[in-house]
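Open the model in your viewer and keep the selection panel at hand. The tour below goes from one selection to the next and says what is found at each stop.

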Amino acid sequence: MHVHKKINIPVNDSFVKKFAEMYLAQRSQTLFDYKEVNQQALFNNLGFGTDVLRQIITKNAIPIDKNREQGLQPAVLNDIYRSDLGELLMTYYFEEKLPEGERFIIPLKNITFRELADLPGRGLDAVGYRNDLEGKVEILLGEAKVSADKKSPPQVVDKTNDSIFKTQLKHKNEVPVVIQRLSDYARRLNIKDAEIIGFAIVCMESGLSGKVCLTYGCTLIRDYNCVNENTDYGKMKTNEKDFEPGKVHFSILSFSDKNIDETVDLFYKKVQELIEA
């Protein structure tokens, strides 16, 4: 029922390029189609096209890390690219890395719709859904953390106030909090996704727990210098029964060739390189 899995990730050129491109696509995603822009009305025969608009929007949607531009390492709490890479890897894992039939649909990404480009989003790191074979809706409540802490488990797993364990336990014990967050999330969805999330909201509000299953999705980004497959899951494994009848699905994604700082630096440089291209 509960899943605890470690995956080694080789940090090579193809990995960095793939996730930099994915990040660029998510940060610059628009609710409109550039092809549908009335060029004559917008540009008034100035000699510009929608490609110019796309380039300007994309460039301004991507945060510039002033510390990295000066050759400095940003503080962990202010490192938006470190946080964003963690969220990016988590959503990729639950949407594409799981076997067919077990994957979730994550219709909105925090990376795309957060309020400020250079600050982490608030609330859940990911919300997803899937319909299981028994006619239930399974809701994914996702939390991602990136840690090079030598302690195992790292404090972000079950020690700090915003740790994965404490955050997910709040979701388990305070249903109104989950309903509120799903309600806010549903307001921004298209009709297809809103119908399914809406069904879950109504069932949870009405106490129809048999119609909805919650999966407490957890992703911890580590590297070969600090990862410990036996203990890094912390209370999310030793206390997994606290989350039943829901499911704990905890993935440790471990960089096998570079440490976290080196990987995030490569990721940042590739994103900036793609913008200029």
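**Aromatic pairs**

Start by selecting the rings of this predicted model. The aromatic pairs number 13. Pick Phe15 and Phe255 from among them: their rings are edge-to-face, with 6.1 Å between the centres and 65° between the planes. The angle is over 60 degrees, so the pair is classed as edge-to-face.

Which elements does this pair tie together? Phe15 belongs to helix α1 (residues 13–27) and Phe255 to strand β5 (residues 247–255), so the contact bridges parts of the chain that are 240 residues apart in sequence. Now colour by accessibility. Phe15 has a relative accessibility of 10% and counts as buried. Phe255, at 0%, is buried as well.

Stay on helix α1 and move to Phe19, which pairs with Tyr92. The geometry is again given as edge-to-face, with centres 5.2 Å apart and planes at 85°. Tyr92 sits in helix α5 (residues 80–97), and 73 residues separate the two partners, so this pair links distant parts of the chain. Are Phe19 and Tyr92 buried or exposed? Both are buried.

Select the four residues together: Phe15, Phe19, Tyr92 and Phe255 make up one aromatic cluster.

**Whole chain**

Zoom out and switch to a cartoon. The chain has 12 helices and five strands. Its C-alpha trace spans about 65 × 45 × 30 Å along the principal axes. How does the radius of gyration of 20 Å fit the 277 residues, and what would a compact globule have? A compact globule of that length would have a radius near 19 Å, so the value for the chain agrees.

Show the surface next. The accessible area is about 14,700 Å², and 49% of it belongs to carbon and sulfur atoms. Of the 277 residues, 47% are buried. If you draw a contact map and keep residues at least 6 apart in sequence, 74% of the contacts join residues at least 24 apart. Colouring by charge brings up 38 positive and 41 negative side chains, and the centres of these two sets are 2 Å apart.

**Strand β2: Gly128**

Select Gly128, in strand β2 (residues 126–131). Its relative accessibility is 0%, so Gly128 counts as buried. Expand the selection by contacts, leaving out residues up to four places away in sequence: Gly128 touches Phe104, Ile105, Ile106, Glu138, Ile139 and Leu140. For a distance check, pick the C-alpha atoms of Gly128 and Leu108; these residues are 20 apart in sequence and 8.4 Å apart in space.

**Strand β3: Lys145**

Go on to Lys145 in strand β3 (residues 137–146). Is this lysine buried or exposed? Lys145 has a relative accessible area of 16%, and because the cut-off for burial is under 20%, it counts as buried. Beyond its neighbours up to four places away in sequence, Lys145 touches Val156, Asp162, Ile164, Thr219, Leu220 and Ile221.

**Helix α8: Thr167**

Asp162 also turns up at the next stop, where Thr167 is in contact with Glu143 and Asp162 once neighbours within four places in sequence are set aside. Thr167 is in helix α8 (residues 164–173). With a relative accessible area of 17%, Thr167 is buried. Draw a line from its C-alpha atom to that of Thr112: the two are 55 residues apart along the chain and 22 Å apart in space.

**Two cis peptide bonds**

Most peptide bonds are trans. Where are the cis ones to look at here? Select Ser152 and Pro153 for one of them: the bond joining them is cis, with omega about 0°. Pro153 is in the loop between β3 and α7 (155–158). Then select Glu244 and Pro245, whose peptide bond is also cis, with omega near 10°. Pro245 is in the loop between α11 (235–238) and β5, and β5 is the strand that holds Phe255.

**Last stop: Gly71**

Finish at Gly71, in the loop between α4 (66–69) and α5. Its relative accessibility is 66%, so Gly71 counts as exposed. From the C-alpha atom of Gly71 to that of Lys150 the distance is 25 Å, and these positions lie 79 residues apart along the chain as a separation in sequence.

Key. Residues numbered from 1 in each chain as written. Predicted model: local features only at pLDDT ≥ 70, side-chain atom pairs only at ≥ 80, totals over all residues. Heavy atoms only, no water. Helix = DSSP H or I, 4+ residues; strand = E, 2+ residues; numbered from the N terminus. Rg over C-alpha atoms; globule rule 2.2 N^0.38 Å. Buried < 20%, exposed > 50% of the residue type's maximum accessible area, 1.4 Å probe, protein only. Contact = heavy atoms within 4.5 Å. Areas by Shrake-Rupley, 256 points an atom, 1.4 Å probe, with all protein chains shown as cover. Lys, Arg positive; Asp, Glu negative; His and termini not counted. Charge placed at Lys NZ, Arg CZ, Asp CG, Glu CD. Phe/Tyr/Trp six-rings, centres within 6.5 Å; stacked < 30°, edge-to-face > 60°.
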